[in-house]
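Work through the following exercises with the sequence and the model side by side, and try each task before reading its solution.

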Amino acid sequence: MAARGYRDGTKPKFAIIGAGVSGICAAVQIRKQLGVDSLITIFEFEDEVGGTWYRNQYPGCACDVESHLYSFSFAPNPEWNELYSSQPEILAYLKKVCKDFDLYKLIAFKTEVLEARWDDDQRVWILSVKNRDTNETTVVEANFLISSSNAFGNPSTPEKFRSFEGPTYHTAKWDKNYDLTGKNVAVVGNGASGIQLIPTIAKQAKHLSVYQRTASWVLDRNNYQYSWITKTLFRYVPGLTWAYRSFLYFRKEFLVFPGLLRGGFFSKLFTKMSLRMLEKQVPNEEIRKKLIPNYELGCKRVCISDDYYPTFMRDNVDLITDPIIQVEKNIIKTANTEEKVDALILATGFTMYAYLFPMKIYGLKNVELSEHWNFDTYYGIITNNFPNFFLLLGPNTALGHNTVIFMIECQVNYILKMIKYMLRHDFDSVNVSKKAQDDFLSQLHVDLERTVFVSECQSWYKKDGKIFTLWSSNSLSYYYRTLFVKHSDFEFTKKSKYTL
């Protein structure tokens, strides 16, 4: 298609930060809907695409959303091997999408965006980017800045563990060269990453100690391999992959999401299912009591696993629930235990409130984003006083029940509807009004009150008691609310004489 641009013939330039799922989606749709192929640059910190699925390569790493649902609507994959795919297969899928849509030529690998500043005179973003191989810093200009960088790029490493003198690995920085076979290993954390990692490590290690702060709610994964017959049908029967994907999606919307509403039937049902599974898989009453959460199901991320609970029935695995009080050399101490270990694995999650860290984003009047926004956005896509800056999977757009790729596609389509409107009317900047943003946030937090996310627990969903990560309803509601751009919620400026 012919490239779409302004009335004077100039074309907008796009800078996309990150070549993970969100960045890939944005690049594909910008090329498809605007045709500005040569005017897109994707800045990627790593040396390969994939984002989260490139960085996280720990044993057992997999997705908690079904494969046919955790994929782009514009790039269905009939070749998925399992109901829930592992990290290597997801990464291979993302690489294939980039090859199929010819995105590699748009990506500047091993490039760090140090900062981005809005120039309100020229109505452009000015980026300082560093080549990590040469340490050379260059300046790049773009009309539109899209960030696909999220908090899953900032591993949380509690200070007390930095004094450990043996091999220490965070799940997001795994060392494949270190062999855990025959070692005494400690794993700290039992959230989503820990629950995937622990069963695999237990089969390798001489002894495994799992240090648990709070128990997680766990439901059956029921994973299975797709037969060659099934994959053949997906490959050749028109519409079958789409129909199956739709079935998986609507099942989560109408059966799983209700389980995240406080006091409802499905919430009670899922709680009973989890406790029944625990009782069946952990006959030891003392261990079972330690694995029962003391908060409502869904307040923290609900995990799915077929082999996590049975791992604690192994003779070489101990579950320790006493708080760690000291780490000295290669010894971990609690109030009641003292253990010498060969390796320490941190499944301690991420610093979720460190969006975009350490990058600095300066908007109107040279205000820096992290000092200004308090995670306040308009539908997680745009924030007041930062014109032409768009977020993908920003605050309050993650889900506790369905695929975030659906949310990402909604956001990309919304952004492109906005930009096409701007091109048609010769606008060169857009800023969401403070009132529109405040009205949206006010209703969002009213809606969140009916969910289990606001109940009492220590969760990465919250900061200072405020839910800043999750959407307040099912994803269909987000789709309908972002289907059209309410132009009256925005402040547009006409294109000036300045162009790139």
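**Exercise 1.** Find which residue stands opposite Ala15 in β2, and then follow the pairing of the strands outward.

*Solution.* Ala15 stands opposite Thr41 in β2, where strands (E, at least two residues) and helices (H or I, at least four) are DSSP runs numbered from the N terminus. This is a predicted model, in which local features need pLDDT of at least 70 and side-chain atom pairs count only at pLDDT 80 or more, while totals for chains, interfaces and linings use all residues. Residues are numbered from 1 along each chain as its sequence is written, and side-chain values use heavy atoms, with hydrogens and water left out. Next, strand β1 (residues 14-17) pairs with strand β2 (residues 40-43) in the parallel sense over 4 bridges, pairing being assigned if DSSP finds at least two bridges between two strands. Between them the chain passes through helix α1 (residues 21-34), and this β-α-β crossover is right-handed, a term for a path from the first strand over the helix to the second that runs clockwise with the strands pointing away from the viewer. Finally, β2 is joined by 2 bridges to strand β3 (residues 107-108), again in the parallel sense, and Ile107 of β3 is the bridge partner of Ile42.

**Exercise 2.** Determine which cysteines form a disulfide, and what hand the disulfide has.

*Solution.* Taking a disulfide as a pair of cysteine sulfur atoms within 2.5 Å, a search of the whole structure finds 1. Its partners are Cys299 and Cys457, whose sulfur atoms lie 2.0 Å apart. The torsion about their S-S bond is about -90°, so the disulfide is left-handed. The pair links distant parts of the chain, 158 residues apart, with Cys299 in the loop between α8 (285-290) and β12 (303-304) and Cys457 in the loop between α11 (434-448) and β21 (462-463). Both Cys299 and Cys457 are buried, that is, under 20% relative accessible area with a 1.4 Å probe and protein chains only.

**Exercise 3.** Explain why Cys303 is not bonded to the closest cysteine sulfur, and examine Cys98 alongside it.

*Solution.* The sulfur of Cys303 is 12 Å from that of Cys457, the closest cysteine sulfur, and is therefore too far away for a bond. Cys303 is buried, with a relative accessible area of 2%. Cys98 is likewise in no disulfide, the nearest cysteine sulfur, that of Cys25, being 11 Å away. Cys98 is buried, with a relative accessible area of 0%.

Methods. Buried means under 20% relative accessible area, exposed over 50%, partly exposed in between (1.4 Å probe, protein chains only).
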